[in-house]
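Colleague: I should like to go through the reasoning behind several structural descriptions. Please show the model first.

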Amino acid sequence: MAKRITIDPITRIEGHLRIDVEVDNNAVNNAWASCTMWRGIETILRGRDPRDAWMFTQRFCGVCTTVHAMASVRAVEDALNLEVPLNAQYIRNLILIAHALHDHIVHFYQLSALDWVDILQIPKADPEKTAKLAESLSPWTRNSREEFTAAQNKVKAVAASGQLGIFMNGYWGHPAMRLSPEVNLLAFTHYVQALEYQRKALQVVGMLGSKTPHIQNLTVGGVANAIDLDSPSALGMDRLEAIHVLLNDVVRFVNEVYFIDVCAVAAMYPEWFKIGSGVRNYLAVPDLPLDTKASAYDLPGGYITNGNLGGVHAFKTASDKEFRESVSEDVTHAYYRGDKPLHPWVGETDPAFTGWDGEQKYSWVKAPRFQGQPMQVGPLAQVLIGYAQGHPLTRKYADLALSKVSAVAGVHATPDMLHSTLGRHAARAIRAAMLAELAQKHWQLLVDNIAKGDFTVHNQPVFNGEVEGVGTHEAPRGTLSHWVVVKDAKIKNYQAVVPSTWNASPRDRSGAHGPYEAALLRTPLARPEEPLEVLRTVHSFDPCMACACHAFDPSGRQIAKVKVL
Amino acid sequence: MKNVLIGGIGNILLGDDGVGPYIARLLTAFFEFDEGVEIADLGTPALDLIDQISGRDAIILIDSIKVDCAPGSVLLYRKPDIMRHRPEVRMDPHSPALVETLLSVEMFAVAPRDVLLIGIAGTSYNSGCSLSAAVAASVPQAIAAIQAELDRLGVTYCRRERPIESGIWWTVPKPAPLPSSA
């Protein structure tokens, strides 16, 4: 008899991800992903000045602020056919890279490592043995016995208090947890250190963007940073040097800690390279433009269908014609009126809530489709698309990751294994290593360009008649696109198709599952009442959909976190 | 000198949820504070709140709350009130996470000694950039609660002779000046 499990964290006031799975013989045989709130924030933008839109859009989400600001200015620039000065491209690229590095580090350590790492095993670890193991894996200088002992003592103190504090919610001792006490301690120690290094990455965003969490330095047509090599208040050599120091620290952490840990943990759960694949259509847009017209990029984009890497299609630009013309949103299973898929420029948002019904409508998320197909987006899509195109930087780090996994696991790891839950984690680490290298490159490009005497940061936008544009960004969670129609210098329509909409998409009119749903099918569950395996796969996508509204609920009632029916 | 963060939390695009950032910006416009005081519009933070509050002596957070009270009611919560929550299973790992944040800074021994959450009961969270009348009317009371907490902490501040630009760019019309009693 199949059991239904609903994971619905109800302490959240508004809007969050809910997962329903049907379990038979300890495996998932059906799945539904839904979002519990309608936002409709885009409607706020109608009638406003397109030059101000980015300030509003960066409030869509409290975590991904920067990415929505960037996609918005790019959308308006695309509509106006406006070039962006080189300095502005490099400054934006550095902000995007630093933000992504912060995001990827936090995602692995703070938000998903504890799906794999068992905190309660840590007191049993031998810090000396942990240090020896760590030394065999990485040159990281903070892999000392002292660091491991200090981290272990933190866990011991929390455990001794009888209250698990921050760890009270984990599935500790779950049969799907399998790391040795030493590997658990190693990963947890890096969890602590990761907080320091993600902060350094955010400091870079703040130094270039003048503030976090909401950057202030964007304009349609460039950036507002004043460049003056000798002034301490402008962007000069002092600040650039300070940024360089911070970036170098983050780069070392990515290469010597994050990348290594992902490979090591993955190698110890090799069966998870066979679980969680789902939708094998992948989509990514090119990013990190290298010229004012945005005709060359450091990150490639394109699409793959049915997992066929040999048949990869490349996008030449971030607003490639094929991309512009191929996106639509289907509301067959979403709480909106409408009977046919619509392109975002003519997108409608007409809410009609009918309650959760897995056969009919069950989510506030629309179903975005590319050429009518569901697409998986995110670092895995980007890495596979780059790999398939023979992109040298992607190949360099993907091959390095696969060889490290092979060495630790004693198996031959191939790119095909990346279509999986662990593949998503590995791809995120691969992408982080690529971005780390590009951080140094773009810093140098900026410094060299300024040294040539080019201080230009902005081109003036000019509005005429009715124009439409798309602004894309290959964000930490994948392809983000903002679609704008501007008429007489006012916004006529605005739609954001965000990465988590692609991945958390409900079924469409043909019944095709969205990526989360498809990835959960056939997942084995050791203990259905503790669906750790479901969380592993969902977390591997790095979902982000609930940040829009935040009202504190002071009642402190116990939550029905997992319901088994 | 005490290191104090006064942080407004919430989404300015969703009606009453924007009251925290709104008040944070009004404070900057109308008051001058001790050097150790930072006023911040924090938006809707998740775990990056850890960085914001680590190592502070005191934090005062202003947020909208969902509570069975008249809209615009101003309620004060200390650490134990907030900690009655258990952290939830994270489906979406970017959950706003006040409880997790406080537990984390405690584990790392960088927790602020004084924590005050000033909650304002909201009524409308629909998309839109303005506050409901009830919540807008409660703003002076919330500011008085912040002043009382600063007095208790021994932190000095004074009203500016002439308010500076509030930086509340998202509402039209601009907010009315505070009544002189605030």
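Colleague: Which residue is the bridge partner of I60(B) in β6(B)?

Modeller: In this predicted model, the partner of I60(B) is L116(B). The strands concerned are β4 (residues 58-65) and β6 (residues 114-121) of chain B, which run parallel and are joined by 8 bridges.

Colleague: What makes β4 and β6 of chain B paired strands?

Modeller: Pairing requires at least two bridges between two strands. β4 and β6 of chain B are joined by 8 bridges, so they satisfy that criterion.

Colleague: Why are β3 and β5 of chain B called edge strands?

Modeller: The open sheet of 5 strands has the order β3-β1-β4-β6-β5 in chain B, with mixed pairing. Both β3 (37-43) and β5 (74-78) of chain B pair on one side only. Neighbouring strands of the sheet are turned by 20° against each other on average, direction ignored.

Colleague: Which helix lies across β1, β4, β5 and β6 of chain B?

Modeller: That is helix α6 (residues 139-153) of chain B, which runs at about 170° to β6(B).

Colleague: Turning to chain A, why is chain A described as being as compact as a globular protein of its length?

Modeller: Chain A has 14 helices and 16 strands. Its radius of gyration is 23 Å, and the globule rule gives 24 Å for 565 residues; the two values are close, so the description holds.

Colleague: What share of the residues in chain A is buried?

Modeller: Buried residues account for 56% of the 565 residues in chain A. To be counted, a residue needs 20 or more other C-beta atoms within 10 Å of its own.

Notes
Residues numbered from 1 in each chain as written. Chains lettered and ligands numbered in written order. Predicted model: local features only at pLDDT ≥ 70, side-chain atom pairs only at ≥ 80, totals over all residues. Helix = DSSP H or I, 4+ residues; strand = E, 2+ residues; numbered from the N terminus. Rg over C-alpha atoms; globule rule 2.2 N^0.38 Å. Buried ≥ 20, exposed ≤ 12 C-beta atoms within 10 Å, placed from the backbone. Axes fitted to C-alpha atoms, helices over the stretch in contact; angles between N-to-C directions. Contact = placed C-beta atoms within 7 Å.
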